[in-house]
Amino acid sequence: MRRGNPSAPPRVLGRQAQRYAYDAEAQLSRLGLVLAVLAVAANGCVQPDEWFQSVEIAARDVFGAKIWTPWEFGGSDALGNAVHEPCRSVSFPAVAAHAPLFLLRLCGGSIAWPRLIMMIPRLWALVISILVHDRLLGEVWRAAGLDDEGVRVARALRRTSWACLVLETRPFSNVYETFGLALCARLAAEGRSAALGAATAVVCWWRFDFAAFAAPLGLYCVASSSKSTAKAIATGLATFAAGAGLLVLGDTLYFTSIDGSVVVAPWRNFLFNASTENLRRFGLHPRWFHLVVNAPFLYGPLLLFLGAARKRNPFGKALDASAVLGLAALSVAPHQEPRFLLPTACAVFARAAPRVARLKWKRKFYVFWLVFHLAVAGFYTTIHQAGLVPLLRRVGAARGACDHVAFVGTYLPPYSVAGPRAGAELFLHDFENDAAGLGRRVAALKRELDGGAYGRCASRRLYVAVAAPALPAARAAVPP
């Protein structure tokens, strides 16, 4: 029996529950924003690509830093001579790193500010994520049939996911591919085939796998366009071709000093990744790894809510098809990392959020969600390779001698965060995971230095930095 006034309308409790639910999602969103800002300054490193796909190239071009030129941009020996055919479009680092570092330079910044060299591209990505990507996603999710509550839930879950807290604060090409997918999805929902064609060309030049994600959106755009089918297709293809032509021209001019041919970056990148032997050095995985391991690691418990949706309009189905086709295309390659699946997030949150919104135990789910994602985010920001950047800053600030640092078992160290001495008085040597051969390689390096390699110095210091997992083997290789 209900206590109190039996004539009181029972919906009062429903409104109160809705207000509490709204407060919970608002609190989650605010928490995610605060944590993402803190992650910008974190020393943890997810993967070397966060440096070598953008920041290193930009630091060289904007500030004149001496770097290891990444293989995708021409490759290099110790300090910059090209030895590989470039297969990455410069248009991506231009957006992700050149632009923010150029603004830093306008404000008086220089390579002598290594912490800002690290933080500014991350902050740039975070600002785009919050001010642009978040708004685009809200519009896309509404077009897919989500109501206001569903959008709030999807936004709260996304903002507190480790993908948003960590990956979207790093200048990965996968992150900007995800930003591009939200833009293309919105253009497709509005039937704007011309703009969609141009945007698709740009994002495909950043990552060629985006073609698979974009195909269902393009089909929906043509089907829903106010123009005739033939005209919509022709318009989209024309703007795609125009955008592609400009990108090819830009890349060809940029790489003209190291490559005299026409540079069609996504085609070259595709050919490289089509070879299993090329991918072997980065690690090989079974074809099911994305579906069975990476997707659960990226989304955690959210995958339990991807069942059949009650309402799925044609655009929502196109969004689902985009994620499925993209996942299938990515699964063909034997090298698979969780960040590759970031473009599927738009569809995953859109499909799962309505079910989460209807949960009777939603607050308990939010607690479980936070525990999972904050644990992963904490690992990547404070533990995983977290000693690399502080070490580089410390040796970069040293004075009085030429310093050589050999790294064993760590990620490839970036020169851009080591300060102005890098490449002049400070030299980095990557021994990869060869802890067993450390003694031999240190001896070989000493012979090179004694022979005058890297220039003559009045005094010289040689350090060896070993990651903790490789320390036992390194100690056995170089006994005291």
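The paragraphs below lead through a predicted model, beginning with a sheet and the helices on it and ending with a long-range contact. Residues are numbered from 1 along each chain as its sequence is written, and side-chain values use heavy atoms, with hydrogens and water left out. Because the model is predicted, local features need pLDDT of at least 70 and side-chain atom pairs count only at pLDDT 80 or more, whereas totals for chains, interfaces and linings use all residues.

An open sheet of three strands, in the order 2-1-3 and with parallel pairing, is the starting point; helices (H or I, at least four residues) and strands (E, at least two) are DSSP runs numbered from the N terminus, and two strands pair if DSSP finds at least two bridges between them. Strand 2 (426-430) and strand 3 (460-466) each have a single partner strand and stand at the edges, so one side of each is left without a neighbour in the sheet. From one strand to the next the twist averages 20°, where axes are lines fitted to C-alpha atoms, for helices over the stretch in contact, and angles run from 0 to 180 degrees between N-to-C directions.

Strand 1 (residues 402-408) is joined to strand 3 by seven bridges, the two running parallel, and within this pairing Cys 402 has Arg 460 as its bridge partner, while His 404 stands opposite Leu 462. Toward strand 2, strand 1 makes five bridges, again in parallel, and the bridge partner of Phe 407 there is Asp 430.

How many of the seven residues of strand 1 are buried? Seven of the seven are buried (under 20% relative accessible area, against over 50% for exposed and partly exposed in between, with a 1.4 Å probe and protein chains only), so strand 1 is largely enclosed by the rest of the structure. In a regular strand the side chains alternate between the two faces of the sheet. Here both faces of strand 1 are covered, with Cys 402, His 404, Ala 406 and Val 408 buried on one side and Asp 403, Val 405 and Phe 407 buried on the other.

Helix 18 (residues 388-397) lies across strand 1, strand 2 and strand 3, running at about 165° to strand 1. Helix 19 (residues 438-450) also packs on the sheet and touches strand 1, strand 2 and strand 3, contact meaning heavy atoms within 4.5 Å; its direction makes about 155° with that of strand 3.

In the loop between strand 2 and helix 19 lies Glu 432, a residue other than glycine whose phi is positive, near 55°, and which is partly exposed with a relative accessible area of 45%. Gln 385, in the loop between helix 17 and helix 18, likewise is not a glycine and has a positive phi of about 55°. Most residues other than glycine have a negative phi.

In helix 17 (residues 362-382), the buried residues include Phe 365, Trp 369, His 373 and Tyr 380. The buried residues cover an arc of only 150° around the axis, which puts them on the same side of helix 17; the arc is that of the directions from the helix axis to the C-beta atoms. On the other side, Lys 364, Val 367, Val 371 and Thr 382 are exposed.

Finally, Ala 39 lies in helix 1 (residues 11-40) and is buried, with a relative accessible area of 5%. Leaving aside neighbours within four places in sequence, Ala 39 is in contact with Arg 122, Leu 165, Thr 169, Arg 170 and Thr 381. The C-alpha atoms of Ala 39 and Arg 170 are separated by 9.3 Å, although the two residues are 131 residues apart along the chain.
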